[in-house]
Amino acid sequence: MENVQQIKRGQEQVYKKLEELNIPYEYYEHPAAPTAEMALEMVSKQWSRGEGAMLCKNLFFRNHKGNRHYLVIMDAHAQLNIRDLEQRLKQGKLTFASEQRMEKYLGLKPGSVSLFGLVNDVEHHVYVFLDENLLSAQKVSFHPNDNTASLVILKDDMLKFLETSGNGFEFLELYS
C-alpha cells in the first residue's frame with residue numbers, strides 16, 4: 001500500500017520552518033476566512049480550529065512616513081484602539097499597509113496576514129507587537145499564510161518562532 005502524504009494548504013516555507021524548529025501543530029482546513037470576524041463566525045458554526053486555542057487577529061500597519069511596518073497580533077475577540085497605539089509608538093498616524101507593501105514585506109495577500117508571514121521577511125523589516133493577553137493562552141491559532149487553513153501551536157512554540165524569526169517584537173497591553 002502506498003503512503004500518500006496529505007497536501008496541506010499554505011506556504012511551504014511555513015511548514016519547513018516549523019519542522020526546522022521542531023514545532024508540532026494541529027492542522028485544520030476550513031472555508032476562506034479573510035477576517036478575524038469571519039473566522040469567529042465559522043468557529044461558532046462548529047468549524048474546528050483547535051480545542052482551547054486562542055484565535056488570533058493579525059493586523060499589518062505602516063507609519064505615516066511609510067518607512068516602518070508593524071504586525072499587530074491579538075485575540076480575535078478584542079478590538080484594537082489604534083489611536084492609543086499611535087500615541088504609545090510616537091510614529092505618527094498608523095494606517096493599514098497597502099497590498100503592495102504586504103506583498104513586499106510579508107509575501108502575503110490581504111486576508112492571509114499571519115505571524116507566519118515573518119518567514120518571508122528576510123530583511124527582518126517588520127516589527128511585531130503582541131497583546132500581553134496572548135501570554136495567558138495555552139495554544140494559539142494562525143493561518144499558514146493561506147486563509148483556508150489554520151495551524152494551532154502551543155504559545156511557547158509561538159515564542160520560539162518569534163525569537164528565531166530575526167524580527168523585533170514586544171508584548172503590550174493592546175486592549176483592556
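This report describes the fold of one protein, then strand β6 and the nonpolar cores.

**Overall fold**

The model is predicted. The protein has 5 helices and 8 strands. Read from the N terminus, these elements follow the order α-β-α-β-β-α-β-α-β-β-β-α-β. The chain holds 176 residues, and 50% of them count as buried. Take the contacts with a separation of 6 or more: 64% of these link residues 24 or more positions apart. The exposed surface comes to about 9,400 Å². Carbon and sulfur atoms supply 48% of that surface.

**Strand β6 and its partners**

Strand β6 covers residues 139–142. In a regular strand, side chains alternate between the two faces of the sheet. In β6, K139 and S141 point one way. V140 and F142 point the other way. All four of these residues, K139, V140, S141 and F142, are buried.

β6 pairs with β2 and with β7, as set out below.

| Partner of β6 | Residues of partner | Sense | Bridges | A bridge pair |
|---|---|---|---|---|
| β2 | 53–62 | parallel | 3 bridges | L55 with S141 |
| β7 | 149–154 | antiparallel | 4 bridges | V140 with I153 |

β6 and β7 form a hairpin with 6 residues between the strands. Within this hairpin, N145 takes a positive phi near 70 degrees.

**V140 and its contacts**

Which residues does V140 contact, leaving aside its neighbours within four places in sequence? They are A53, M54, C56, L134, L151, V152, I153 and M158. A53, M54 and C56 belong to strand β2, which spans residues 53–62. L151, V152 and I153 sit in β7, residues 149–154. M158 falls within α5, residues 155–165.

**The nonpolar cores**

The largest nonpolar core has 34 residues. V140 is one of the members that touch the most other members. The others in that group are I73, L115, F116, L118 and M158. Several elements give two or more residues to this core. The helices are α1 (12–20), α4 (99–106) and α5 (155–165). The strands are β2, β3 (69–75), β5 (126–131), β6 and β7. Which element gives the largest share of this core? It is α5, with 4 residues.

Another core lies apart from this one. That second core has 14 residues, including F61, Y70, F129 and L174.

**Drawing it together**

V140 ties several of these features together. V140 is buried in β6. Its bridge partner in β7 is I153. V140 also contacts M158, and both V140 and M158 are in the group that touches the most other members of the largest core.

How values were computed. Residues are numbered from 1 along each chain as its sequence is written. This is a predicted model: local features need pLDDT of at least 70, side-chain atom pairs count only at pLDDT 80 or more; totals for chains, interfaces and linings use all residues. Side-chain values use heavy atoms; hydrogens and water are left out. Buried means under 20% relative accessible area, exposed over 50%, partly exposed in between (1.4 Å probe, protein chains only). Contact means heavy atoms within 4.5 Å. Accessible areas come from the Shrake-Rupley method with a 1.4 Å probe; for residues, only the protein chains shown count as cover. Two strands pair if DSSP finds at least two bridges between them. A nonpolar core is a set of buried Ala, Val, Leu, Ile, Met, Phe, Trp, Tyr and Cys residues joined through side-chain atoms within 4.5 Å.
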